[in-house]
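Work through the exercises below with the sequence and the structure in view. Try each task before reading its solution.

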Amino acid sequence: MASSTGEKGLIVSFGEMLIDFVPTPPWTLARHCPGGAPANVAIAVSRLGGRAAFVGKLGDDDFGHMLAGILRKNGVDDQGINFDKGARTALAFVTLRSDGEREFMFYRNPSADMLLRPNELNLELIRSAKVFHYGSISLITEPCRSAHMKAMEVAKEAGALLSYDPNLREPLWPSPEEARTQILSIWDKADIIKVSDVELEFLTENKTMDDKTAMSLWHPNLKLLLVTLGEKGCTYFTKNFHGSVETFLVDAVDTTGAGDSFVGALLKQIVDDQSVLEDEARLRKVLRFANACGAITTTKKGAIPALPTDSEALSFLKDKKKRQTYLKFSKLCCTAPPC
């Protein structure tokens, strides 16, 4: 439930925000689109009618100020943003496969997000969070790693629910072993963890995608473990029950941001009523909504431009004909206006 004043609970996302260069027809051109998983989650929450804030660092350059403006335009509180005069905003070049899956090439040597220091954190904003969400890219180098640890500690002490989506980007890490070690180093701090099937295989070093493999990542303080399976939906695990929820069939044009859309939808639905995590029927309903948001996001290019509003997601869920339209005509969206 909302607070006694009627104000919705705040979801604070911590980490990177960057520019994705996404190829467009005739594939010799690229549109620059805002991206970065934690920022995507913040905007996903806001688009769905929730309260969101972003904490991170951008370059004091045109891209950085453009990204801050995009957060504000989408209703995300930007009081947690710092600007670095000596480093540029991070860039990523996205390659799309025919099935809509993507590969990334990053330019951050170092980028501003890597240079966020603990003493630059807006601790008042972080303490006001009911949910504190983060990934693992901010763990790769100092000083951002220390800033991440400090922010997570402050949020936990203030009573926030900690939400972790590792969002593995293996090329950014010195080695697979280092990635695995650092991602798992904060594993037991989170209350909610979402991993993809690819990340599950990477972290467990097990190609068998079954419940036993997923539960090998369980820790005693965890309230919800989610494994997203792309077109197969997701599986969920709690202390008292587990199961799976199917997703929706659409023509995927670009899967960038689908997982972030899923997470944003989940967090927005539970921030003011965490008892959902203990009620399987209600949790399944929340996950169906999250799956719908993720599916819609794959039907357009770019992450943030494709994130649905609450009314779009609800209409998609209620209208079977509309879902068929997404399946039949979504590929027309590949020529959408610039991000």
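The exercises go from the whole chain to the sheet, then to helices and one residue.

The model is predicted, so local features need pLDDT of at least 70 and side-chain atom pairs count only at pLDDT 80 or more, while totals for chains, interfaces and linings use all residues. Residues are numbered from 1 along each chain as its sequence is written, and side-chain values use heavy atoms, with hydrogens and water left out.

**Exercise 1. The chain**

Task: State how many helices and strands the protein chain has, and what share of its residues is buried.

Solution. Helices (H or I, at least four residues) and strands (E, at least two) are DSSP runs, numbered from the N terminus. The protein chain has 11 helices and 13 strands. Buried means under 20% relative accessible area, with exposed over 50% and partly exposed in between (1.4 Å probe, protein chains only). Of the 339 residues, 55% are buried. Contact means heavy atoms within 4.5 Å. Among contacts between residues at least 6 apart in sequence, 70% join residues at least 24 apart.

**Exercise 2. The sheet**

Task: Give the strand order of the open sheet, and find the strands that stand at its edges.

Solution. Two strands pair if DSSP finds at least two bridges between them. The order of the 9 strands is E5-E4-E1-E8-E9-E10-E11-E12-E13, with mixed pairing. Strand E5 (77–84) and strand E13 (242–245) are at the edges; each has a single partner strand, so one side of each is without a neighbour in the sheet. On average, neighbouring strands of this sheet are turned by 15° against each other, direction ignored. Inside the order, E10 (residues 192–196) and E11 (residues 224–228) pair in the parallel sense over 5 bridges. Lys194 has Leu226 in E11 as its bridge partner.

**Exercise 3. Helix H1**

Task: Describe where H1 lies, how it meets H8, and how many of its residues are buried.

Solution. Start with the sheet: H1 lies across strand E1 (10–14), strand E4 (51–59) and strand E8 (131–134), and runs at about 150° to E4. Axes are lines fitted to C-alpha atoms, for helices over the stretch in contact, and angles run from 0 to 180 degrees between N-to-C directions.

Next, take the helix pair. The axes of H1 (residues 37–47) and H8 (residues 258–270) come within 8 Å and cross at roughly 50°. That makes H1 oblique to H8 (under 35 degrees is roughly parallel, over 145 roughly antiparallel, 65 to 115 roughly perpendicular, and the rest oblique). Residues of H1 in this contact include Val41 and Val45, and those of H8 include Val263 and Leu267.

Last, count: 10 of the 11 residues of H1 are buried, among them Asn40 and Ile43. Gly49 follows H1 and has a positive phi, near 95°.

**Exercise 4. Helices H9 and H10**

Task: Find the angle at which H9 and H10 pack, and name residues that meet.

Solution. H9 (residues 280–297) and H10 (residues 310–318) pack at about 105°, with axes 10 Å apart. H9 is therefore roughly perpendicular to H10. From H9, Phe289 and Ile296 are among the residues in the contact, and from H10, Leu314 and Phe316 are among them.

**Exercise 5. Thr204**

Task: Locate Thr204 and list its contacts beyond four places in sequence.

Solution. Thr204 is in helix H6 (residues 197–204). Leaving aside neighbours within four places in sequence, Thr204 contacts Thr213, Ser216 and Leu217. Thr204 and Ser216 are 12 residues apart in sequence, and their C-alpha atoms are 7.6 Å apart.
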